[in-house]
Amino acid sequence: GRFRSAMNLVPDDFPGVLRQRFEQTFAHLPNDSNPYVWQIFLQRYSGKEDGYPVYLQKKNAGKLQSNLANLHIERADILSWLRAQPANSLDLIALSNVLELTDTTYGAAILPELKRCARPGACIIVRSIFPPPGLAFKDDEGAIVYDASLSEECRSRDRSVFCSLIQVYRRQEGES
């Protein structure tokens, strides 16, 4: 079928994967202000301004308020949604936990839509809980290219503990 069981995605060494994620989080990130760690263990935020997610910090309230008109929330299948978007209209596409429970044909169907919708220079971010078997997207035409250094930077800075497997792709100039 189109969707896979989550149990089939759990790697044999998932406890080791989780251990590595916790070590990364606790050893290399400031946990007194990590809102995700506070939520996991205490179901609340620390109360410190930098202990809230960026979108809840008072210093960002004005920026958020001025951009609310640009926020559009839709509930849709991502493939259908992408197909409805104009060409070259998106600067950022974030696929968080989108490809984990789908088969490879679904991801393959998304790729041409990413190439069509993403503006040159656009960033495409794929996040997952379970380790993917490889790159989420392999574009033989070179329009969508994996950015290894930005992917590693994002992974090293990510504070989420569980959804910290990140792949970043860039839409190249002039490719179709």
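**Reading a sheet, its helices and its salt bridges**

Mentor: Let us begin with helix 6, which lies across strand 1, strand 2, strand 3 and strand 4 and runs at about 140° to strand 2. Please keep in mind that this is a predicted model.

Trainee: In what order do the strands of the open sheet stand?

Mentor: The order of strands in a sheet is read from side to side and need not follow the numbering. Here the open sheet has 4 strands in the order 1-2-4-3, and the pairing is mixed. Strand 1 and strand 3 stand at the edges with a single partner strand each, so one side of each has no neighbour in the sheet. From one strand to the next, the twist averages 20°.

Trainee: Which strands run parallel, and how many bridges join them?

Mentor: Strand 1 (residues 90–96) and strand 2 run parallel and are joined by 6 bridges. To find one of these places in the structure, take isoleucine 93, whose bridge partner in strand 2 is isoleucine 124.

Trainee: Which strands pair in the antiparallel sense?

Mentor: Strand 3 and strand 4 (residues 165–171) do, over 3 bridges. Look there for isoleucine 144, which has arginine 171 of strand 4 as its bridge partner.

Trainee: What unit do strand 1, helix 6 and strand 2 make?

Mentor: Together they make a β-α-β unit, and this unit is right-handed. Thus the helix with which we began is part of that unit and also lies across the four strands named above.

Trainee: I should like to study one residue of the sheet. Is leucine 95 buried or exposed?

Mentor: A residue is called buried when its relative accessible area is under 20%. Leucine 95 has a relative accessibility of 1%, so this residue counts as buried. Its place is in strand 1. Beyond its neighbours within four places in sequence, leucine 95 is in contact with Ile78, Ile125, Val126, Arg127 and Phe137.

Trainee: How many residues apart in sequence are leucine 95 and asparagine 8?

Mentor: They are 87 residues apart in sequence, and their C-alpha atoms are 20 Å apart in space.

Trainee: Where is asparagine 34, and which residues does asparagine 34 touch?

Mentor: Asparagine 34 is in the loop between helix 2 and helix 3. A residue in a loop may still be buried, and asparagine 34 counts as such because its relative accessibility is 0%. If residues up to four places away in sequence are not counted, asparagine 34 touches Thr25 and Arg159.

Trainee: Which residues of helix 3 are buried?

Mentor: Pro35, Val37 and Trp38 are buried in helix 3. Seen down the axis of helix 3, the buried residues fall within an arc of 160°, so they line one face of the helix. These buried residues pack against helix 2.

Trainee: Let us turn to charged side chains. How many salt bridges are found in the whole structure?

Mentor: A search finds 11 salt bridges. One of these joins the side chains of lysine 48 and aspartate 32, at 2.6 Å from N to O. This pair links distant parts of the chain, 16 residues apart: lysine 48 is in the loop between helix 3 (35–42) and helix 4 (61–67), and aspartate 32 is in the loop between helix 2 (14–28) and helix 3. Lysine 48 counts as partly exposed because its relative accessibility is 37%, and aspartate 32 counts as partly exposed because its value is 42%.

Trainee: Are aspartate 139 and lysine 115 buried or exposed?

Mentor: Both are buried. Their side chains meet in a salt bridge of 3.0 Å, N to O. Aspartate 139 lies in the loop between strand 2 (118–128) and strand 3 (144–146), and lysine 115 lies in helix 6 (residues 104–117), so the pair ties together parts that are 24 residues apart in sequence. A network of salt bridges links Lys115, Asp139 and Glu141.

Trainee: Why are arginine 155 and glutamate 152 separated by about one helical turn?

Mentor: An α-helix has 3.6 residues a turn, so residues three or four places apart point the same way. Arginine 155 and glutamate 152 are separated by about one turn because they are 3 residues apart in helix 7 (residues 148–157). Their side chains meet in a salt bridge of 3.2 Å, N to O. Arginine 155 is partly exposed at 24% relative accessibility, and glutamate 152 is partly exposed with a relative accessible area of 43%.

Technical notes
Residues numbered from 1 in each chain as written. Predicted model: local features only at pLDDT ≥ 70, side-chain atom pairs only at ≥ 80, totals over all residues. Heavy atoms only, no water. Salt bridge = Lys/Arg side-chain N within 4 Å of Asp/Glu carboxyl O. Helix = DSSP H or I, 4+ residues; strand = E, 2+ residues; numbered from the N terminus. Buried < 20%, exposed > 50% of the residue type's maximum accessible area, 1.4 Å probe, protein only. Pairing = 2+ DSSP bridges. Right-handed = clockwise from strand over helix to strand, strands pointing away. Axes fitted to C-alpha atoms, helices over the stretch in contact; angles between N-to-C directions. Contact = heavy atoms within 4.5 Å. Arc of directions from axis to C-beta.
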